[in-house]
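Q: I have a model open and would like to learn how to read its features. Can we go through them one by one?

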Amino acid sequence: MTIWSQMVGRIEKFGSHSIAILFAVLATIALTMAGIVPAIEQTNRDLRSLVFERAASGQVAVVEMDSRSLKAIGSWPWSRKIHADLITRLSNDGADQIAFDVDFSSASEKAGDEILSAAISDAQAQVILATFLQLLSIHDSNYSENLPLEMFQENSLLGSVNVHLDALGHVSQYDYGARIAGKIRPTLAALLTNSSGEIGKSFLIDQSIDLTSIPSFSAIDILNGDVDASQINGRSLIIGATAVELGDRYTTPKNGVIPGVYIHALAAETLSAGRDVSTIDGTALLLITLALAVLWWNIMTGSKGDQNRLVLPLVAMILILSSWGFFVYALAEIEIAPSIIFIVCLFLADLVVETSRTTKRERTIDGLTGLPNAIAMMNAAEKKTIAEVVVAEIANFVEIESMLSAEEQAAILQSMAKRLALLADDEKIFRTGRNQLSWFVAKGYANRLEEYFDTAATFALSPTQIGSKKMRLKLNLGYHEGPTSNWFQLLSDTTMAAHKAAQMNYRWLKYSNDINQIVDEKLAILNEIDQAIESGQIWVAYQPKLDIASGEVNAAEALVRWDHPQRGKIGPDRFIPILETEGDIANLTLHVLKVTLENVQKWAASGLYISCSVNVSAALLDDPKFISAAISLVQKSKIDPDKIIFEITETAALDDLIKAKAVLEGIRQIGIKLSIDDYGTGQANLAYMQGFPADEIKIDQSFVKSMARSDVDRVMVSSTIEMAHKMNFKVVAEGVEDADCLSLLHQFGCDTAQGWHIGKPVDAIIFEEKWASQPQAMRA
Ligand code: C2E
Ligand code: CA
Ligand code: CA
């Protein structure tokens, strides 16, 4: 298991959403500390400025000391007389205020200074002069203030023109004023707009003002009288350097590098529009967002659906738009960056967690059936310390695969899983392999495993309807209990048990250390048969034989049955041949004979007088011990020997039969009847049977069943009956499955009929109930 999947596992236990929130909080803290907030804040303002771009009011205009003016005037710095001329011109044209973003702190030639001083005092308009702070030196962090000459100050106001850079190196904010050496100094823009604000506090310059809409004039045009008075009248003018060669340029967020004089103009426009709103710190909003996220996710955890995640971009959008609205309506400048960072991080974290969960989920799902797969089972095992595991191997899966389409295969596996789910912990069935379904045993079965597997077997037994087909999954279950710390061992041991069970035809098998020594079904049968007889797993069923002439059941055939606790019903065809060649068929046969004698006697006691045949393997005719034991059993019973028929299979070997003639005659002398079973399947023909010590022959079912359809078989049956009668044999027809067959046999003069049409083999009690008082003769 990778570290990643372990981590995701841990996360799942916590609930992925709360983990996403935690991730987002940590990421927000980290990104905030990394200094990303101002950039985002600025981006938001830039967007807002673009969307809400508007024209300046025009109240503030700029008089540019531009290159053209510099060239026209020729010398630099300008003589104070030129500034005086500007004041006089503008004032005469009706200017309201004339502000200088120009340094007048040092004296120049005396005459010029006096002219300027006079112009200031003569001006109709209010004159504002610039003061600015200057660092004493780069080694000294104290400032000194550069003030205009005393003579200029007398009739003017002093406005601070200092600007400062924000975290991104831009001039984005502006002050109301500064306290310098104990004196309060309003800023130029504050003076121009007559605004008051908290000293030392800044406001944001509204970048949405279109810079080009601020009226501007070249100083030389003013001096030359080229500007119409109406352009000046009533306006506030800021005079400042704009020529590149004069420096005094600053980087601003939206307009790039602009002359300082325009910064004052923009600040004044911001103030006059009342957009110098205060900034609301982002922390509070972040906390609210966080609280909402927690709340929302508590609600969301219950529900599923990806569209919920879209709420996040939506919330971010709402935050952005409302921050714009607040600013545009001059309510406040809200810091949304921390919240936006949080939301984006949350969105991404949730996406990552969810995606990893989805891929994890996909990795744990079986592609064909949608059932959880082996990885899912391993994950589930991790939550337990000890597990009881069942693996069901589907023995006939190859057949299923070849007969069913993929969808049909999925359907049959799903339907089986649904049935088995009742037995499984969490009702979860895992498809752990192509032909394997596995699960954990549900609690409460520990002491009832036998019953548990009987139930499982019953579920497995009934076929599933797949489209028009009815299919049965043949399941062999393996069971093992152990610590999950070594999960692969536990699962593979259980699989081994299931596989062994399949090999041995067991319905289920518990894993044990010596499981490998269990060789095959054959050995198991040989090992278990004696115990099975003793414990009653072996019992005898009886199938009725109908006397065709009278229409009454006057005989039965004893057919042995084995109900194995693990393997279910084992048909005689599966164990008789093994016992015949390698085991103790004598013991079994004597058991069947003994039980049958008891039953025949019991039936007679309740008025059902009936003869009964017992199958005797031809090999036993060579076994004198068996013969004498069988004869003595019959003789010791209170049954007439002629009520007992030994059926000997014709296919056994004709030679053996002939050799055994003497033995057969001995049996017949006691009174026991003899029947030649499965007649027609061996090499014998009736000519051989001439004078053979038998009382009846049983025509094999293969001829009888197909008689209605096959002329050859019909002729075989009718001629056999005819000739057998000539040789004084009674004739039994086996495999009579319908009324037509019975009526044909009647026509042919057959003596006895046996088959499902008359009755299936049932246990002695049912047999007695059914035939003790025969309701009516079953006439052909
Ligand atoms: P069998 O002696 O030929 O027994 C007849 C078989 O045909 C029985 O199968 C019976 O259930 C089945 N059968 C009866 N009527 C019908 C019918 O209408 N249609 C079809 N399709 N089948 C029918 P079962 O019980 O499975 O026995 C199989 C064989 O096992 C027997 O064949 C017999 O050879 C052997 N067997 C059964 N019990 C014993 C026993 O106690 N000792 C010995 N040595 N062999 C036995
Ligand atoms: Ca038989
Ligand atoms: Ca037979």
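What follows is a dialogue on the ligand site, the domains and two backbone features.

A: One point before we start: this is a predicted model.

Q: Which residues come nearest to ligand 1?

A: A residue counts as near when one of its heavy atoms lies within 4 Å of the molecule. Here 22 residues surround ligand 1, and Gln543, Arg561, Gln701, Glu737 and Trp756 come nearest.

Q: Which atoms of Gln543, Arg561 and Trp756 lie close to N or O atoms of the ligand?

A: The pairs to look for are N or O atoms within 3.5 Å of each other. Gln543 places a polar side-chain atom 2.7 Å from a nitrogen atom of ligand 1. For Arg561, a polar side-chain atom is 3.0 Å from an oxygen atom of the ligand. Trp756 takes part through its backbone: an N or O atom there lies 2.7 Å from an oxygen atom of ligand 1.

Q: How much of the accessible area of ligand 1 does the protein cover?

A: Take the area that the ligand has on its own and ask what share the protein covers. For ligand 1 that area is 800 Å², and 86% of it is covered. The space that ligand 1 takes is the largest pocket.

Q: Which elements give two or more residues to the shell around ligand 1?

A: They are β24 (552–564), α21 (572–582), β28 (673–679) and α27 (701–705). With four residues, β24 gives the most.

Q: What is the make-up of that shell by class?

A: Sort the residues by side-chain class and count. The shell around ligand 1 holds eight nonpolar, six polar and eight charged residues.

Q: How is the protein divided into domains?

A: A domain may be built from separate stretches of sequence, as domain 1 is here: 3–52 + 280–360. Domain 2 spans 60–270, domain 3 spans 374–511 and domain 4 spans 526–771. Between the C-alpha centres of domain 1 and domain 4 the distance is 86 Å.

Q: Where is the cis peptide bond that involves Pro77, and what is the phi of Asp248?

A: For the peptide bond, read omega; for the other case, read phi. The cis bond joins Trp76 and Pro77, with omega about -5°. Pro77 sits in the loop between α4 (67–73) and α5 (80–92). Asp248 is not a glycine, yet its phi is positive, about 50°. Asp248 belongs to the loop between β11 (236–241) and β12 (249–252).

Methods
Residues are numbered from 1 along each chain as its sequence is written. Chains are lettered from A and ligands numbered from 1 in the order in which they are written. This is a predicted model: local features need pLDDT of at least 70, side-chain atom pairs count only at pLDDT 80 or more; totals for chains, interfaces and linings use all residues. Side-chain values use heavy atoms; hydrogens and water are left out. A polar contact is a pair of N or O atoms within 3.5 Å; within protein, one must be able to donate a hydrogen and the other to accept it, and residues adjacent in sequence count only if both atoms are side-chain atoms. Accessible areas come from the Shrake-Rupley method with a 1.4 Å probe; for residues, only the protein chains shown count as cover. On a 1 Å grid over the protein atoms alone, a cavity is a set of points where a 1.4 Å probe fits but cannot get out, and a pocket is an open set with protein on both sides within 12 Å along at least five of seven lines; lining residues have an atom within 4 Å of a point. A molecule sits in a cavity or pocket if more than half of its atoms lie within 2 Å of its grid points. Ala, Val, Leu, Ile, Met, Phe, Trp, Tyr, Cys and Pro count as nonpolar, Asp, Glu, Lys and Arg as charged, and the others, Gly among them, as polar. Domain bounds come from an automatic or database domain assignment.
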